[in-house]
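Colleague: I am new to this structure and should like to learn how its features are read. May we go through them in turn?

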Amino acid sequence: MSSYAILAATVLGGTLVAVLAARRRRLGADAALVGSWCTLMAAIGAGLFAFIAVFRGETLGGWLLLAHTLLAPLLVLAMTLEALFRPLGRGWCRAGADALLMSLGAAAIGSMLFQMFPWFGEEGQELLLQAHRYSSLALLAALGLRAGGVWPRETPSSGEKS
Amino acid sequence: MIFRFATLLFAAAACNRAVAQEATGEAARPLRSDSRAQYVHRITLYDATGVAIDPTRASAPPYSPRATCGKCHEVGLIGHGWHFNAGEGGPSGRTGEPWILTEGNAGIQAPISYRDWPGLLKPAALGLSEWDFTLRFGRHLPGGGVAHPDQPAAGERWGISGGAEIDCLVCHSADQQHDPAEAERQFERENLRWAPTAAYGLATIRGDAMKLPDDFDPDAPPNPDYPDLLPPRVGYNRTLFDGDNRVFFNITRRPTADRCNFCHSVQTVDAGGLGESSAPAPRDVHEAAGMSCTDCHSNGVDHMITRGYEGEAEERRQPALAAFTCVGCHLPDLSSPRNMDAPPLAARQAPRPLHRGLPPIHFEKLTCTACHSGPWPEAYAHRSQTAFAHGLGVPTRARTVESAPEILAPILTRDARGKIAPHRLVWPAYWATQEDGQRRPIPVAVVRKALGLKESGSLEPLREFNEGELLEAIEKLMRETKTRGQVVYLARGQVHHAEGQTIVSGPDPAADAVTWPLAHDVRPASQSLGIRGCGDCHADDAPFFAGNLGTAEDAASGAGRVISEYRGDDLRFARAFHWAIAGRAAFKLAATAGLVVIGLAALRNLVWVMTPNGRRG
């Protein structure tokens with residue numbers, strides 16, 4: 001098993017454990033927006049097909065690659081909608097988390113998008129591919145943590161009832 | 001009788017060779033100049049028995065490259081190199097171009113080889129002895145190996161013609177003084193042992209060994225009853241000899257491409273006609289850049305010439321060979337200590353390709369040659385003619401566009417390592433008996449006799465049999481072979497046999513196409529697949545997937561097949577992928593806009609966190 005596969009298994013397993021440990025919290029407490037759920041579903045879908053290949057020790061190709069790439073536009077769309085309509089975080093913790101989430105999304109999308117332009121040679125392409133793999137893994141974990149309620153919840157502003 | 005002569009001749013030759021080698025100390029240590037400068041070869045000529053040749057003698061024998069060059073060079077070791085060792089049964093390496101036994105009017109084009117490459121028949125299976133093989137294909141054999149057997153078979157005329165020794169000058173002549181086409185003319189006359197002398201223009205040869213009777217004894221004195229029954233006479237050109245009877249050989253260690261091209265020429269022929277190979281401009285980008293074949297296809301004294309394919313270094317357990325592949329030269333690992341071992345490559349300054357925008361998966365699925373070599377893939381395969389198969393290099397008026405065998409290219413199919421690479425393809429066509437579950441090819445001579453055909457040579461078009469002709473031919477062959485089973489005809493991937501008065505046809509693995517990878521001519525980056533974008537390959541009508549396995553005529557007759565189907569691709573996937581690729585431009589636009597929005601949102605949140613309001617929250 002490749003080092004990336006081991007890392008992916010650890011990160012995704014850790015995310016699942018964290019979500020299960022936080023099960024007393026209301027699932028999706030901070031992901032009430034439809035966009036958040038869409039983002040999560042698209043990310044899980046795209047990630048699923050990619051990680052099947054990763055855990056098989058294969059290069060992502062064939063039908064798995066096709067499914068992965070067809071779900072990519074959904075992820076881009078969902079994240080864009082979220083970015084447009086998600087209210088600015090209330091509380092530094094939540095805003096910081098959102099900034100991280102959006103940054104990971106930008107890295108995952110950008111590293112894949114830039115590969116499609118004739119800007120980078122073989123080494124650049126390989127670098128972008130690695131950037132895509134790691135940022136996507138981190139994005140998937142972050143989205144899972146948010147959906148599972150582990151992610152920093154909205155901090156009530158002063159004067160607001162909790 | 002002939003066997004006795006042959007045995008005597010070869011025993012004497014072997015004995016003399018051993019004596020000559022011992023005398024010159026070849027086995028102990030070859031004579032060396034150890035200079036970068038080319039040694040000037042002004043040398044004495046020796047005959048096959050190791051005796052110096054006196055050109056003034058009326059009965060002077062032909063010179064022997066083995067005895068002459070063997071004075072200083074390790075001819076024994078050289079004789080096991082790639083060009084000569086097919087019959088030795090050693091490793092075969094990557095599949096290469098087979099010989100194709102062609103009898104157009106008998107419907108035969110059978111790929112054969114002494115090497116163990118998949119799908120090929122052994123020459124003996126079609127009734128070809130080493131003698132027959134040498135006469136038929138000697139035009140493009142450098143001598144040695146099967147053309148110069150140590151143990152000549154009984155009943156063959158080796159004793160009269162002599163074996164075809166390795167003619168070093170086929171490759172190592174630095175100029176055009178060596179004429180391989182003249183050697184071919186001598187082969188046609190069975191003057192095997194005289195061929196090197198004639199080819200280098202050292203002498204004119206008068207007489208034909210083929211006209212001598214089978215029981216002719218070359219060592220016997222002239223027969224007073226038949227005074228004209230003499231072996232070919234050698235009339236040396238005395239102006240080539242100096243006062244000490246030495247001859248200047250203009251020899252090079254690094255043969256020019258012209259020497260290689262005599263045997264390794266290929267031309268693409270289509271309805272437009274022949275003659276493409278006569279175009280004056282170099283057709284391979286490396287040749288155009290001033291390189292020679294031997295810059296990459298080099299060798300040591302063992303003459304195991306580097307073939308330059310991926311995996312060769314591992315197969316031959318010589319890691320240094322990896323430097324002589326496309327990747328080794330154009331994408332070398334500069335951090336590797338081995339890189340320092342290859343100064344000539346660095347000196348060549350091979351351009352390092354950028355492959356901008358090309359997803360890395362392409363390097364796993366395709367060889368470099370898939371995008372860079374051979375004719376540009378089009379809707380239909382092109383007919384190719386090669387020196388081995390069509391005798392390119394030998395002047396003839398008989399060669400036409402339709403001349404058999406039918407070799408098609410480029411065929412983008414998987415190689416032995418599972419990567420897609422351009423190949424040449426030929427459909428085996430031959431007759432066989434099928435008895436007790438065993439299928440045995442019928443020797444060509446038997447087919448000719450049964451069908452009442454003369455030898456067609458190899459340049460007639462391949463005959464297409466209609467059902468009636470096929471039935472008639474099968475009936476004649478049944479009678480001739482006296483088989484208890486049935487006679488079948490394999491052609492175009494099908495096996496045909498008679499059931500009553502009907503021909504029944506069906507696919508059969510033995511009739512599958514034989515393919516071999518092609519690596520040249522290499523096209524420049526500006527003419528490589530993908531230069532116009534992904535659509536060069538990833539489109540429903542792109543030849544990479546939708547190209548036809550046959551020519552336009554094959555497709556018109558319904559005999560064509562789509563390349564991706566032949567390759568075993570998942571066509572549904574290919575179509576779906578092309579559909580996805582078609583939406584790529586729109587996706588790139590939308591994703592760029594999305595990326596900007598997401599990036600700004602990330603920035604907005606970050607700025608907010610850093611403001612006093614955010615920090616207070």
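**Reading the model**

Modeller: Over all chains, the structure holds zero disulfides, a disulfide being a pair of cysteine sulfur atoms within 2.5 Å. This is a predicted model, in which local features need pLDDT of at least 70 and side-chain atom pairs count only at pLDDT 80 or more, while totals for chains, interfaces and linings use all residues. Residues are numbered from 1 along each chain as its sequence is written, chains are lettered from A and ligands numbered from 1 in the order in which they are written, and side-chain values use heavy atoms, with hydrogens and water left out.

Colleague: Which cysteine sulfur is nearest to that of B:Cys326?

Modeller: That of B:Cys368, 4.4 Å away, and B:Cys326 is in no disulfide. For B:Cys371, likewise in no disulfide, the nearest cysteine sulfur is that of B:Cys537, at 5.9 Å.

Colleague: Is B:Cys371 buried or exposed?

Modeller: Accessibility is read on a relative scale: buried means under 20% relative accessible area, exposed over 50%, and partly exposed in between (1.4 Å probe, protein chains only). B:Cys371 has 16% and counts as buried, whereas B:Cys326, at 38%, counts as partly exposed.

Colleague: How many residues of each chain are in contact across the interface?

Modeller: Contact means heavy atoms within 4.5 Å. By that rule, 39 residues of chain B are in contact with 48 residues of chain A. One may also read buried area, the accessible area (1.4 Å probe) that two parts lose on being put together, summed over both. Here the two chains bury about 3,400 Å² between them, 73% of it on carbon and sulfur atoms. In chain B, the residues that lose the most area to chain A are B:Phe587, B:Leu595 and B:Ile598, together 18% of what that side buries.

Colleague: Which residues form the salt bridge between the chains?

Modeller: A salt bridge is a side-chain nitrogen of Lys or Arg within 4 Å of a carboxyl oxygen of Asp or Glu. The count between chain B and chain A is one: B:Arg352 pairs with A:Glu123, their closest N and O atoms being 3.5 Å apart. Helices are DSSP runs (H or I, at least four residues), as are strands (E, at least two), numbered from the N terminus. Helices H15 (361-365), H23 (571-582), H24 (584-610) and H25 (612-616) of chain B each give two or more residues to the side that touches chain A. H24(B) supplies the largest share of that side, 16 residues.

Colleague: Where is A:Gln115 found, and what does A:Gln115 touch?

Modeller: A:Gln115 is in the loop between helix H4 (92-114) and helix H5 (122-147) of chain A. Leaving out residues up to four places away in sequence, A:Gln115 touches A:Gln125, A:Leu128, A:Leu129, B:Gly357 and B:Pro360. A:Gln115 counts as buried because its relative accessible area is 11%.

Colleague: What should one look for in the backbone?

Modeller: Most residues other than glycine have a negative phi, and most peptide bonds are trans. B:His355, which is not a glycine, has a positive phi of about 50° and is found in the loop between helix H14 (343-348) and H15 of chain B. As for peptide bonds, the one from B:Ala404 to B:Pro405 is cis, with omega near 0°. A cis peptide bond also joins B:Ala409 and B:Pro410, where omega is about -5°; B:Pro410 has its place in strand E9 of chain B.
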